[in-house]
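Got the structure open in your viewer? Let's walk through it stop by stop, with something to select at each one.

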Amino acid sequence: IDTWLDLTNSVINFPGLVELDGNRMFLTYHLGRHGGHEPLQTVVSDDAGSTWHKAPTDHPLIDRHPATERNILDFSSGVLGYPKDGSIVRIDHDTVELAQSWRDRTSGSYHEVGQVENPTFRFRRWSKQGDVIGAHDFKVRGLPFKRASYQSYSSLIELENGNYLTALEWVDILPEDQWTIDGRGRTRNTRIGVFIVRSTNQGETWEYVQKFDAGEVMPAYGPGDRSVDEGFDEADLAITLSGDILCVMRTGSYSPMFQSRSTDGGHTWSTPINTGWQGVKPRLTLLPNGVLACAAGRGSYGHPQVTHVMLSLDGNGEHWEWPFAFHTRGGCSYTSKMYRDD
């Protein structure tokens, strides 16, 4: 294991890595024990992670939406992508409406405050040198949700035809008679699902493609399958060795990850199936040797955590090998992914 950052007085939670040109990197992470308020940190490296220092306050990746001063960008969440034109793109984790309203912590829970009928998302673009290229707001055409809050964690992928594809999440507030108790004994009053969106003009406009709703597909599974704790969330996308597009999703802190596949360029998707292993915030990477890797964390928030990688030797996610753990100390078990220097 190559240790980049090691703290003795805290735990590093929610890493968000951005790759710049050369050996330069930008990293956000949170300090704390994942029990409440964890301050967001921003650091940079000029030597591929060997050494790190605090990011300057005028760094272009430290940016705020012009309508809000909620906080600096946290790259552990939101959509992140590296299109073929060499730029870096992002869709913010919060909708514009939530970023503006969440400053009032007394007005309700995160997803209660975020409920909106026609959400507005923020798209940003930087150069690989880290310079700001542009930003704009957009709405997703064809959304089927009447009122929901929204969030995002996925990668953005660019297809051969230049289309952008990514996964977003919607969250419904359930009526009280549908509330449940999750694996950690907490009351759950939300229903979470993932939906695919597409842009045919490099992120200028976006359209709804298809949703994955655990409430609709889970009745198709027999009693031998573990029920999901939360719904489908924290999705990631990757183009597999065969050219299929794979979407892997969290379903809870204890319940298994599920995956769906598209064989027609992301226009239609299969019914999600159980991958056979638990995990939070899966991160997919197709390696140059044709192996598909999925990094994730297993277990409820607590200490120690188990962070692991499972490999698909066929490169397509048709079969996953038994995962191996590479981190079992404290932390959130969220991961960030990169490939560098073989």
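A salt bridge here is a side-chain nitrogen of Lys or Arg within 4 Å of a carboxyl oxygen of Asp or Glu. Keep in mind that you are looking at a predicted model.

**Stop 1: salt bridges around Arg250**

Select Glu230 and Arg250: they form a salt bridge, and the closest N and O atoms are 2.8 Å apart. Glu230 sits in the loop between α3 (214–217) and β17 (233–239), while Arg250 belongs to strand β18 (residues 245–250), so the pair ties together parts that are 20 residues apart in sequence. Are these two buried or exposed? Both Glu230 and Arg250 are buried.

Now add Glu234 to your selection. Arg250 makes a salt bridge with Glu234 too, with 3.0 Å between the closest N and O atoms. Because Arg250 is in strand β18 and Glu234 in strand β17, this pair ties together parts that are 16 residues apart in sequence. Glu234 is buried, just as Arg250 is. Finish the stop by adding Asp233: Glu230, Asp233, Glu234 and Arg250 are linked in a network of salt bridges.

**Stop 2: strand β7 and its neighbours**

Next, select residues 121–126, which make up strand β7. How many of its 6 residues are buried? The count is 6 of 6, so the strand is mostly covered under a cut-off of under 20% relative accessible area. Show the side chains and you'll see two sets: Phe121, Phe123 and Arg125 point one way, and Arg122, Arg124 and Trp126 the other way.

β7 has strand partners to look at. Strand β6 (residues 88–91) pairs with β7 in the antiparallel sense over 4 bridges; to find one of them, select Ile88, whose bridge partner in β7 is Trp126. Strand β8 (residues 132–138) also runs antiparallel to β7, joined to β7 by 6 bridges. Here, Arg125 stands opposite Gly134 in β8. Follow the chain from β7 to β8 and you trace a hairpin with 5 residues between the strands. In the turn, click on Gly130, which has a positive phi of about 100 degrees.

While you're here, pick out Asp137 and Arg122. They form a salt bridge, with the closest N and O atoms 2.9 Å apart. Asp137 lies in strand β8 and Arg122 in strand β7, so the bridge ties together parts that are 15 residues apart in sequence. Arg122 is buried at 11% relative accessible area, whereas Asp137 counts as partly exposed at 36% relative accessibility. In total, the structure holds 15 salt bridges.

**Stop 3: the nonpolar cores**

Which residues touch the most other members of the largest nonpolar core? Select Phe123, Val140, Tyr150, Phe195 and Trp206: of the 19 residues in that core, these are the ones. The elements giving two or more residues to this core are β6, β7, β12 (164–173) and β15 (190–199). β12 supplies the largest share, 3 residues.

A second, separate core has 17 residues, including Leu159, Val194, Ile245 and Phe258.

Go back to Phe195 and show its surroundings. Leaving out residues up to four places away in sequence, Phe195 touches several residues, among them Leu143, Phe145, Tyr150, Leu168, Trp170 and Tyr208.

**Stop 4: aromatic rings**

Try selecting Phe121, Phe123, Phe138, Phe145, Tyr150, Tyr164, Trp170, Phe195, Trp206 and Tyr208 together: ring pairs link them into a cluster.

The structure holds 19 aromatic pairs. For one of them, zoom in on Trp4 and Trp52, whose ring centres are 5.6 Å apart with planes at 50 degrees, so this pair is tilted. Trp4 is in the segment before β1 and Trp52 in the loop between β3 and β4, so to speak two distant parts of the chain, 48 residues apart. Trp52 is buried, with a relative accessible area of 15%, and Trp4 is partly exposed at 29%.

Then select Phe75 and Arg90: the charged end of Arg90 sits over the ring of Phe75, 4.9 Å from the ring's centre.

**Stop 5: an open sheet**

Last, look at the open sheet of 4 strands, ordered β1-β2-β3-β4 with antiparallel pairing. Which strands are at the edges? They are β1 (11–19) and β4 (53–54), each pairing on one side only. Between them, β2 (residues 25–32) and β3 (residues 40–45) pair over 6 bridges. Select Thr28 to see one such pairing: its bridge partner in β3 is Thr42.

Technical notes
Residues numbered from 1 in each chain as written. Predicted model: local features only at pLDDT ≥ 70, side-chain atom pairs only at ≥ 80, totals over all residues. Heavy atoms only, no water. Pairing = 2+ DSSP bridges. Phe/Tyr/Trp six-rings, centres within 6.5 Å; stacked < 30°, edge-to-face > 60°. Buried < 20%, exposed > 50% of the residue type's maximum accessible area, 1.4 Å probe, protein only. Lys NZ or Arg CZ within 6 Å of the ring centre and 35° of its normal. Core = buried A, V, L, I, M, F, W, Y, C linked by side-chain atoms within 4.5 Å. Contact = heavy atoms within 4.5 Å.
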